[in-house]
Amino acid sequence: MRDKLILYGFMIGILLTVTVQPIGAESASGGSKEFTLVTAMVAEGANIWLPSMIILKNGEEVKLKLRNVAKAEHGFAIDELGIKEVIPVGETKEITIKPGSKGVLRYYCHLHPGHINGQLLVQE
Ligand SMILES: [Cu+2]
């Protein structure tokens, strides 16, 4: 009986390990990178996109899934790449980016000046 319980506990542990995927993790499917970014409020009136930093290679095509779980619509903009999206409450928007030069690009919400910026670090 005790051995069975231990076995069940072990199996549940394996299930959790396999199904829980960290937010922002790159996907291994198809060889292309994919990140999920989620809106989060870190303090009253202070919103961020999580993760707040993404590192990728120059010329690499990356899919970003922008999930807005906040109670208001938020924007997602990267000036250097000509990206300016508005994500309604509860929705997810998929965009593909392909940076053409290395450096640090900021991503931010163009709707709320108080929204804290994130950084896209593009490496050689
Ligand atoms: Cu915002």
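**Strand pairing and core of the predicted model**

Strands β8 and β9 (residues 118-123) run antiparallel and are joined by five bridges. Strands and helices are DSSP runs numbered from the N terminus, with E of at least two residues for strands and H or I of at least four residues for helices; two strands are taken to pair if DSSP finds at least two bridges between them. The structure is a predicted model, in which local features need pLDDT of at least 70 and side-chain atom pairs count only at pLDDT 80 or more, whereas totals for chains, interfaces and linings use all residues. Residues are numbered from 1 along each chain as its sequence is written.

The protein chain comprises one helix and nine strands, and the elements follow the order α-β-β-β-β-β-β-β-β-β from the N terminus. Of its 124 residues, 16% are buried, a residue being buried if 20 or more other C-beta atoms lie within 10 Å of its own, exposed if 12 or fewer do, and partly exposed in between, with C-beta atoms placed from the backbone. Among contacts with a separation of 6 or more, 55% are between residues 24 or more positions apart; contact requires that the C-beta atoms of two residues, placed from the backbone, lie within 7 Å.

Strand β9 belongs to an open sheet of three strands, ordered β3-β9-β8, with mixed pairing. Its edge strands, β3 and β8 (103-107), each pair on one side only. Neighbouring strands of this sheet are turned against each other by 25° on average, direction ignored; axes are lines fitted to C-alpha atoms, for helices over the stretch in contact, and angles between N-to-C directions run from 0 to 180 degrees. Within the antiparallel pair, Val 104 has Leu 121 of β9 as its bridge partner. The pairing of β3 with β9 is parallel and spans five bridges, and here Ile 54 is matched with Leu 120 in β9 as its bridge partner. The covered face of β9 consists of Gly 118, Leu 120 and Val 122, while Gln 119, Leu 121 and Gln 123 form the uncovered face.

A second arrangement is considered next. Four strands form an open sheet with mixed pairing, in the order β2-β1-β4-β7. At its edges lie β2 (46-50) and β7 (92-97), each of which pairs on one side only. The twist from one strand to the next averages 25°. Strand β4 (residues 62-67) runs antiparallel to β7, to which six bridges join it; Leu 64 has Ile 95 of β7 as its bridge partner.

The largest nonpolar core contains 12 residues: Leu 37, Trp 49, Ile 54, Leu 64, Leu 66, Phe 76, Ile 87, Ile 97, Tyr 107, Cys 109, Leu 120 and Val 122. Strands β4 and β9 each supply at least two residues of this core. A nonpolar core is a set of buried Ala, Val, Leu, Ile, Met, Phe, Trp, Tyr and Cys residues joined through C-beta atoms within 7 Å. Apart from neighbours within four places in sequence, Ile 54 contacts Phe 35 and Leu 120.

The loop between β2 and β3 (53-57) contains Pro 51. The peptide bond joining Leu 50 and Pro 51 is cis, with omega of about -5°. Most peptide bonds, by contrast, are trans. Pro 51 is classed as partly exposed because 17 other C-beta atoms lie within 10 Å. Its C-alpha atom is separated by 7.4 Å from that of Val 38, 13 residues apart along the chain.
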